[in-house]
Amino acid sequence: MRHRVKGRKLNRNSSHRKAMFSNMAASLIKTLDESEAENAPKVNGRIITTVPKAKELRPRVEKLITLAKRAAKIAESAQAFATDADRGSDAWKEWRHSEQWQKWNQAIAPAVTLRRRAFAVLRDQEAVDILFGDLAEKFADRNGGYLRIVRIAAVRLGDAGEQALIEFVGKNDRVKKSKTKKSLAVKSDA
């Protein structure tokens, strides 16, 4: 029986599965990097994989985005105790030894913990930086559903595996044109 055992095995052992999803999540997040690299993706924020892998990857990445959003709120509240002095300056050293720094340290500690939890999953510092920088801001107003899975009609060569693309919601959205009263009036007159 499979009571309380969720997820697909995908013909891999647990360590291989964990490493594979970690690499896939980091790859998906790193496609948002806007740098003009030699092997840059054609479309940012999108990777192509098989349907079962995409279905398993989606909740993992969405949970990471939720962690990043929580950390952004915590860091924003900790800004009340922060200083704008340059690191190493006399003003910064004075702030560092004050009670204000203790309050800032206590306020920012949960955000650092969330960042470390994300790094434990991704094992890629660049992906963590993009996750906590760009993605947390991009999805600050959205309550969930950060990714979409779109099935591709073409099967994979070699094993005819059903393919899908998994992408971030937002930039590549299709906008449905609504019928306005004017267009309805024009059609009824004709």
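**Exercise 1.** Classify Asp33 by its accessibility and place it in the chain.

*Solution.* At 30% relative accessibility, Asp33 counts as partly exposed, where buried means under 20% relative accessible area, exposed over 50% and partly exposed in between (1.4 Å probe, protein chains only). Asp33 sits in the loop that runs between helix H1 (14-30) and strand E1 (46-50); helices (H or I, at least four residues) and strands (E, at least two) are DSSP runs, numbered from the N terminus.

The model is predicted: local features need pLDDT of at least 70, side-chain atom pairs count only at pLDDT 80 or more, and totals for chains, interfaces and linings use all residues. Residues are numbered from 1 along each chain as its sequence is written, and side-chain values use heavy atoms, with hydrogens and water left out.

**Exercise 2.** Describe the salt bridge between Glu62 and Arg58.

*Solution.* A salt bridge is a side-chain nitrogen of Lys or Arg within 4 Å of a carboxyl oxygen of Asp or Glu. For Glu62 and Arg58 the N to O distance is 3.5 Å. Both belong to helix H2 (residues 51-78), and because they are 4 residues apart, about one helical turn separates them. Glu62 is buried at 16%, whereas Arg58 is partly exposed at 32%.

**Exercise 3.** Which parts of the chain does the pair Glu162 and Arg151 link?

*Solution.* The closest N and O atoms of this salt bridge are 2.6 Å apart. The pair links distant parts of the chain, 11 residues apart: Glu162 in strand E3 (residues 162-168) and Arg151 in strand E2 (residues 147-155). Glu162 is partly exposed at 41%, and Arg151 is partly exposed at 47%.
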